[in-house]
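This report describes the fold, the helix packing and selected local features of one protein chain. The sequence and the three-dimensional structure are shown first.

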Amino acid sequence: MSAPSRYSPLSISLHWLTLLLLVVVYTTAELKGFFPRESATMATLKMLHSSCGLTVLVLAVLRLGARLAQHAPGITPAPAAWETRLAQLMHVALYALVIGLPLLAWFGINAAGGSPRLWGLPLPVLSAENKALAKSVLGAHKLIANIGYGLIGLHALAALRHHYIRRDDTLLRMLPARN
């Protein structure tokens, strides 16, 4: 039996759903500065930001499981070894981003004395209240989120490079199937 030439429908769906949620997470983060702190709009933005971010965490765990169950399909034509290694490092960085950021936020919100919710459901407490720790953790969350802009942009540029310059099937392996 030959190796698959595309990712599984589950992996493809999880990939694009993660992207959609990341767009919401980053958009809500950017929009928060435009509204009064105690407004209903701000409350909605915060709820969407945290719930979508925590959903990204859940999807990342599912994606890792799917990735372990079915290895990535090969690229045709095969890339150079350095490109493969660079892609592996980028994927590790992206998984660290989508797992680490929500966990930092969850921990930081707990340390600030809050209790994050996932679509209205309260989550377990990861940290006792510690305002100084909260400030550090949430500062790290913001810094890493800013680095995430670059990682996500590089990932998208690499996919476009593969498709339009190298003319291999890297991008096609992750696009939804056309009937």
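## Exposure and backbone at R167

R167 is exposed, its relative accessible area being 63%. The residue belongs to the segment that follows α4 (131-166). Its phi angle lies near 55°, a positive value in a residue other than glycine. As with every value in this report, the description refers to a predicted model.

## Overall architecture

The protein chain contains four helices and two strands. Along the sequence these elements occur in the order α-α-α-β-β-α. Taken along the principal axes, the C-alpha atoms of the protein chain fill a box of roughly 55 × 35 × 30 Å.

The protein chain has 179 residues, of which 33% count as buried. Among its contacts between residues at least 6 apart in sequence, 72% join residues at least 24 apart.

## Packing of α1 against α2

Helix α1 spans residues 9-31 and helix α2 spans residues 40-69. The two pack at an angle of about 155°, and their axes are 9 Å apart. Since angles over 145 degrees count as roughly antiparallel, α1 and α2 are therefore roughly antiparallel to each other. The crossing of α1 past α2 is left-handed. By class, the residues in this contact comprise 16 nonpolar, seven polar and one charged.

Two leucines illustrate the pairing in detail. L21 touches C52, T55, V56 and L59, leaving aside residues up to four places away in sequence. L59, for its part, is placed in helix α2 and is buried, with a relative accessible area of 7%. With the same sequence neighbours left out, L59 touches L14, L17, T18 and L21. L59 and H15 are separated by 44 residues in sequence, yet their C-alpha atoms are 8.6 Å apart in space.

## Packing of α1 against α4

Helix α1 also packs against α4, at an angle of about 140° and with the axes 12 Å apart. The two helices are therefore oblique to each other. Here too, α1 passes α4 in a left-handed crossing. On the α1 side the contact is made by H15, L22, Y26 and E30, and on the α4 side by A145, G148, Y149, I152 and H155. By class, five nonpolar, three polar and one charged residues take part in the contact of α1 with α4.

## The largest nonpolar core

In soluble globular proteins, nonpolar side chains tend to be buried together. The largest nonpolar core of this model has 14 residues. Among these, L21, L22, Y26, V56, V98 and L101 touch the most other members. Helices α1, α2 and α3 (81-111) each supply at least two residues of the core, and α1 gives the most, with five.

Some of these core residues also appear in the helix contacts described above. L21 of the core touches V56, another of the core residues, while L22 and Y26 take part in the contact of α1 with α4.

## Loops and backbone features

The loop between α2 and α3 contains P77. The peptide bond from T76 to P77 is cis, with omega near -10°.

W119 lies in the loop between β1 (117-118) and β2 (121-122). Its phi is near 50°, which is positive in a residue other than glycine. A relative accessibility of 46% falls between the limits of 20% for buried and 50% for exposed, so W119 counts as partly exposed.

S127 is found in the loop between β2 and α4. Is this loop residue buried or exposed? S127 counts as buried, because its relative accessibility is 9% and the buried class covers values under 20%. Apart from residues up to four places away in sequence, S127 touches F107, N110, A111 and L133. S127 and G113 are 14 residues apart in sequence, with a C-alpha to C-alpha separation of 8.9 Å.

Key: Residues are numbered from 1 along each chain as its sequence is written. This is a predicted model: local features need pLDDT of at least 70, side-chain atom pairs count only at pLDDT 80 or more; totals for chains, interfaces and linings use all residues. Side-chain values use heavy atoms; hydrogens and water are left out. Axes are lines fitted to C-alpha atoms, for helices over the stretch in contact, and angles run from 0 to 180 degrees between N-to-C directions. Angles under 35 degrees count as roughly parallel, over 145 as roughly antiparallel, 65 to 115 as roughly perpendicular and the rest as oblique. A crossing is left-handed if the near helix is turned anticlockwise from the far one by less than a right angle, and right-handed if clockwise. Ala, Val, Leu, Ile, Met, Phe, Trp, Tyr, Cys and Pro count as nonpolar, Asp, Glu, Lys and Arg as charged, and the others, Gly among them, as polar. A nonpolar core is a set of buried Ala, Val, Leu, Ile, Met, Phe, Trp, Tyr and Cys residues joined through side-chain atoms within 4.5 Å. Buried means under 20% relative accessible area, exposed over 50%, partly exposed in between (1.4 Å probe, protein chains only). Contact means heavy atoms within 4.5 Å.
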